[in-house]
Amino acid sequence: MPATMRQLVYPTYTSPDKFKFRTIAKPEISGPTEVIVKVYAASVNPVDVKRASGMMKFVIFDKMPSPLGYDMSGVVEQVGSEVTQFSYGDPVFARLPESRRGSFQEYVVCDASDLSPKPECLSYEEAAALPLAGTTALLGILRAVEERGGAAWLKGKTAFVTGGLNGVGAIVCMLLKNVFGVGKLICSVSTQKVELVDKLLGEGVVDQIIDYQISNPSKALEQGSVDFFYDTVGAPLSFLHTMKPQGEIMTIVAFPDPECVKISMPSIPKIALYILSVYSKVCKLRARRYGVEYHSEIVESDTKILNRLANYCTEGKVKPIVAQVADFKNKNEVLNLFVEVSKAKRYTGKMVARIGKPYVAEVPRGFFAA
């Protein structure tokens, strides 16, 4: 085994084209429940770019240079003395917790409890595209409807998803129709992506498509027609008039609920927490004027949820969408993944780097707008 490895970092708060590769010591096991994984693939999430830009520096302190990436898949290289659920060579995938951040490197070390067995039906690239987006999608749905008695509340309801072909939105759409049984599913996408909805999500998953470049979704939707709204784009409160009384709004774009933040970021400054609390209360009060519940989500690693998503993939109910695959040995290709994510809207699904496997050029499953 090599003594060193390649790692992608941001040397200071900067744009994606300024990210750097460096050579560091390969991680070692320091506890009995730890596992070393040889990384085969890692995917980019919008939070990676936002964090590297310095957008979150007032709530999260980053020691520079700072590693990139949460999502990864690979094979077990070494296990601690008390690890029984995994052994050498096992295919695994994970959303690394904050303390282990850095999936864009050749090896990672994490606790065995952070890992899930990779579904056989998914390639390593697809598996790396699932963790954060999938966990955000599923947990967001579950937390939004828990006060309505759980997932059964969604059956037969009308649901609307903005950004129906982005990383989170695509999985939300598949979950809502294939798992939770919504009666009518509406999503918004750009003109170039309308014809790809059935191809990428599955025939009949989406019942109505709104091209947001032609029609404003908040005006295209009938007043009081939506039971559940999952926002992946922003401005969720502009859709309040489209919601039915007793409806639910879940957003992953607006400022998160302070209770979620305290769990995920225990060191957040009190003033920042206070601002979030005030903002959250205002949003909830505005929504309740319409008889609607408002939720804003921030997601931590959750292996149980990831295992559940893996089962849905095996059952054919969920399929991660890979927009583009880059070779980790090619700096320009890898940095371009982050550049494209920073631009947003031009692609579907997730950007993935192939790290530990020989690179083979292939036609991506996703799509780029012209």
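This passage describes the salt bridges, cavities, a pocket and a surface patch of a predicted model. Residues are numbered from 1 along each chain as its sequence is written, and side-chain values use heavy atoms, with hydrogens and water left out. Because the model is predicted, local features need pLDDT of at least 70 and side-chain atom pairs count only at pLDDT 80 or more, while totals for chains, interfaces and linings use all residues.

Salt bridges are a good place to start. Side chains of opposite charge can pair when their charged atoms come close. With a salt bridge taken as a side-chain nitrogen of Lys or Arg within 4 Å of a carboxyl oxygen of Asp or Glu, a search of the whole structure returns 16 of them. One of these joins the side chains of Lys26 and Glu77, at 3.9 Å from N to O. Lys26 sits in the loop between β2 (20–25) and β3 (34–44) and Glu77 in strand β5 (residues 71–79), so this pair ties together parts that are 51 residues apart in sequence. Helices (H or I, at least four residues) and strands (E, at least two) are DSSP runs, numbered from the N terminus. Burial is classed by relative accessible area, with buried meaning under 20%, exposed over 50% and partly exposed in between (1.4 Å probe, protein chains only). On that scale Lys26 is buried, at 10%, and Glu77 is buried too, at 13%.

A further salt bridge brings together the side chains of Arg100 and Glu34, at 2.8 Å from N to O. Arg100 belongs to the loop between β6 (91–95) and β7 (107–111) and Glu34 to strand β3, so the contact ties together parts that are 66 residues apart in sequence. Here the partners fall into two classes: Arg100 is partly exposed, with a relative accessible area of 25%, whereas Glu34 is buried, with 8%.

The side chains of Asp62 and Arg101 also meet in a salt bridge, at 3.4 Å from N to O. This pair links distant parts of the chain, with Asp62 in the loop between α1 (46–53) and β4 (66–67) and Arg101 in the loop between β6 and β7, 39 residues apart. Both Asp62 and Arg101 are buried. Through shared partners, salt bridges join Arg51, Asp62, Glu98 and Arg101 into one network.

Arg100 and Arg101 appear again in the second largest pocket, which has a volume of about 170 Å³; of its 13 lining residues, Ser99, Arg100, Arg101, Gln105 and Val109 are the closest to its centre. On a 1 Å grid over the protein atoms alone, a pocket is an open set of points with protein on both sides within 12 Å along at least five of seven lines, a cavity is a set of points where a 1.4 Å probe fits but cannot get out, and lining residues have an atom within 4 Å of a point. Grid points are joined across faces, edges and corners, and a volume is the space filled by probe spheres set on the points. The elements giving two or more residues to this pocket lining are β1 (4–10) and β7, and β7 provides the largest share, three residues. By class, the pocket lining divides into six nonpolar, four polar and three charged residues. In this scheme Ala, Val, Leu, Ile, Met, Phe, Trp, Tyr, Cys and Pro count as nonpolar, Asp, Glu, Lys and Arg as charged, and the others, Gly among them, as polar.

Turning to enclosed space, the whole structure holds two cavities of 30 Å³ or more. The largest cavity has a volume of about 50 Å³, and its lining includes Ala129, Asn166, Met174, Lys319 and Lys350. Helix α4 (residues 167–179) contributes the largest share of that lining, four residues. Six nonpolar, three polar and two charged residues make up the lining of the largest cavity. The second largest cavity, of about 30 Å³, is lined by Arg95, Thr135, Glu300, Ser301, Asp302 and Leu306. Its lining has one nonpolar, two polar and three charged residues.

On the surface, Ile271, Tyr274, Ile275, Val278 and Val282 form a nonpolar patch with about 490 Å² of accessible area together. Patches are made of residues with over 30% relative accessible area and no salt bridge, like charges being joined within 9 Å and nonpolar side chains (Val, Leu, Ile, Met, Phe, Trp, Tyr) within 5 Å. Accessible areas come from the Shrake-Rupley method with a 1.4 Å probe, and for residues only the protein chains shown count as cover. Within this patch, Ile275 is placed in helix α8 (residues 270–288) and is exposed, with a relative accessible area of 51%.
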